[in-house]
Amino acid sequence: MELKEYIHILRKRIWIIVAFVAVACIGAGIKNYFFTVPIYEANAKLIVNQAYNAQGVPSLDIGTIQTNIKVINSYMEIIKSSAILDKVVATYPDLGMTGNQLGQNIRVSTANESQVMSLTATGLSSEKAAKTVNAVAKVFKSQIPVIMKVDNVTILSEAKPTDSSNPINVNPIINILISFIVGLLLAVGFVFLLEYLDDTLKTEEELEKELNLPALAVISKIRKEESRISKQSSISQKQVGDGQYVTINQ
C-alpha cells in the first residue's frame, strides 16, 4: 500500500518532476554549448632509467634501478619547482605564461614501483597543451644533470596535438545525463516535501483514513459554466395563448 501511495504522490505532481528535469537538462545543454570554455590536455612520458656518474661512465644495476624508483618522488617535486618552471618560461616565451601559471597547468604522476613519470599539461587548444608539456619535459631533462649531478632521465614519448583533439571538459551527453539524474532526484525530493507539508484533506478516502469515520455526504464543486447551464435548463417558457407565455420550472 505504501508503494502505491508513493506512486500516487508522484503521479499527482508529475508536472513538477517534468519541469525540474527539463530545466536541468536544458540548463546543462546551454552551459556546455555556449558558456563552457574548452580545455585540452596533452601527455608526455619520461623514464628514470640509466645513471651516469660525474665522469660520464655508465653505471647500471639492480640497486640503481631501485634508487631511480625512489628518487621519482623527488623528481616530481623538482619538475614543478621554480628552478624548472622559470627556465621553461625563459626558454619558451611564446607560451605566454608565468611560472605560477605554468605550475597550475601541469600535473605529474607515476604508477607504484614504476620508473615512468607521466607529465600532463592543459591548455585552451590542443597545440598549446602539447607545446607546454613538451617544453617542460625537455627543460626538465636538460636540468636534471645540473641539479642532481646524474643524467638518468629520458623522454619516452612527446605529446602530439592530434592526440588531444577533443576537449576534456566538454561532454554534452554525459553532462546532460548527470543533470537529468540530479534534476530527477531533486524533483522527487521536492514533491515528497510538498506532500509532507500539505495537511489538507482533499478526498473522501483521506478523510475516512484520518478520522476513521465514514463520510455521510459529499458537496461537489461545480464550475460556473456548469451552474449556468443547469439554471438555463431548469427554466423554460410555454405559450398559453396569443402573445402570452408562462414560465415553468422543471
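# Reading a predicted model, feature by feature

User: Is L85 buried or exposed in this model?

Analyst: L85 is buried: its relative accessible area is 4%, and buried means under 20%. Keep in mind that the model is predicted.

User: Where along the chain does L85 sit?

Analyst: L85 belongs to helix α4, which covers residues 82-91.

User: Which residues does L85 touch, leaving out those up to four places away in sequence?

Analyst: A contact here means heavy atoms within 4.5 Å. By that rule L85 touches I79, K80, G99, L102, G103 and I106. A C-alpha distance gives another view: L85 and N100 are 15 residues apart along the chain, and their C-alpha atoms are separated by 8.0 Å.

User: What share of the chain's residues count as buried?

Analyst: The chain has 250 residues, and 27% of them count as buried. Its secondary structure comes to nine helices and eight strands.

User: Among contacts between residues at least 6 apart in sequence, what share join residues at least 24 apart?

Analyst: That share is 69%.

User: Now the sheet. In what order do the four strands of the open sheet lie?

Analyst: The order is β4-β5-β1-β6, with antiparallel pairing. At the edges are β4 (106-110) and β6 (153-157), and each of these pairs on one side only. From one strand to the next, the twist averages 30°.

User: How many bridges pair strand β1 with β5?

Analyst: Eight bridges pair β1 (residues 40-48) with β5, in the antiparallel sense. Two positions can be picked out in the structure. A44 has L119 as its bridge partner in β5, and L46 stands opposite M117 in that strand.

User: How many bridges join β1 to β6?

Analyst: Four bridges do so, and β1 and β6 run antiparallel. L46 appears again here, with I155 as its bridge partner in β6. L46 can therefore be followed to both sides of β1: to M117 in β5 and to I155 in β6.

User: What should I know about side chains in a strand before I look at one residue?

Analyst: In a regular strand, side chains alternate between the two faces of the sheet. For a single case, take S118, which lies in strand β5 (residues 116-123).

User: Is S118 buried or exposed?

Analyst: S118 is buried, at a relative accessible area of 16%, since buried means under 20%. Leaving out residues up to four places away in sequence, S118 touches N43, A44, K45, R107, V108 and S109.

User: Which strands does helix α6 lie across?

Analyst: Helix α6, residues 126-148, lies across β1, β4, β5 and β6. The helix runs at about 20° to β1.

User: What describes two packed helices?

Analyst: Two numbers are used: the angle between the axes and the distance between the axes. For helix α2 (residues 14-35) and helix α7 (residues 172-197), the angle is about 150° and the axes are 8 Å apart. An angle over 145 degrees counts as roughly antiparallel, so α2 and α7 are roughly antiparallel to each other. The crossing of these two helices is right-handed. The contact of α2 with α7 has 18 nonpolar, five polar and no charged residues.

User: At what angle do α1 and α7 pack?

Analyst: Helix α1 (residues 2-12) packs against α7 at about 100°, with the axes 10 Å apart. Angles of 65 to 115 degrees count as roughly perpendicular, so α1 is roughly perpendicular to α7.

User: Which residues in α1 and α7 meet?

Analyst: From α1 come Y6, I9, L10 and K12, and from α7 come V188, V191, F192 and E195. By class, the contact of α1 with α7 divides into six nonpolar, no polar and two charged residues.

User: Last, a residue outside the helices and strands. Where is P167 found?

Analyst: P167 is in the loop between β6 and α7. Its relative accessibility is 23%, so P167 counts as partly exposed; the cut-off for buried is under 20% and for exposed over 50%.

User: Which residues does P167 touch, not counting those up to four places away in sequence?

Analyst: P167 touches P38, I39 and Y40. The C-alpha atoms of P167 and T122 are separated by 9.7 Å, and these residues are 45 apart along the chain.

Key:
Residues are numbered from 1 along each chain as its sequence is written. This is a predicted model: local features need pLDDT of at least 70, side-chain atom pairs count only at pLDDT 80 or more; totals for chains, interfaces and linings use all residues. Side-chain values use heavy atoms; hydrogens and water are left out. Axes are lines fitted to C-alpha atoms, for helices over the stretch in contact, and angles run from 0 to 180 degrees between N-to-C directions. Angles under 35 degrees count as roughly parallel, over 145 as roughly antiparallel, 65 to 115 as roughly perpendicular and the rest as oblique. A crossing is left-handed if the near helix is turned anticlockwise from the far one by less than a right angle, and right-handed if clockwise. Ala, Val, Leu, Ile, Met, Phe, Trp, Tyr, Cys and Pro count as nonpolar, Asp, Glu, Lys and Arg as charged, and the others, Gly among them, as polar. Buried means under 20% relative accessible area, exposed over 50%, partly exposed in between (1.4 Å probe, protein chains only). Two strands pair if DSSP finds at least two bridges between them.
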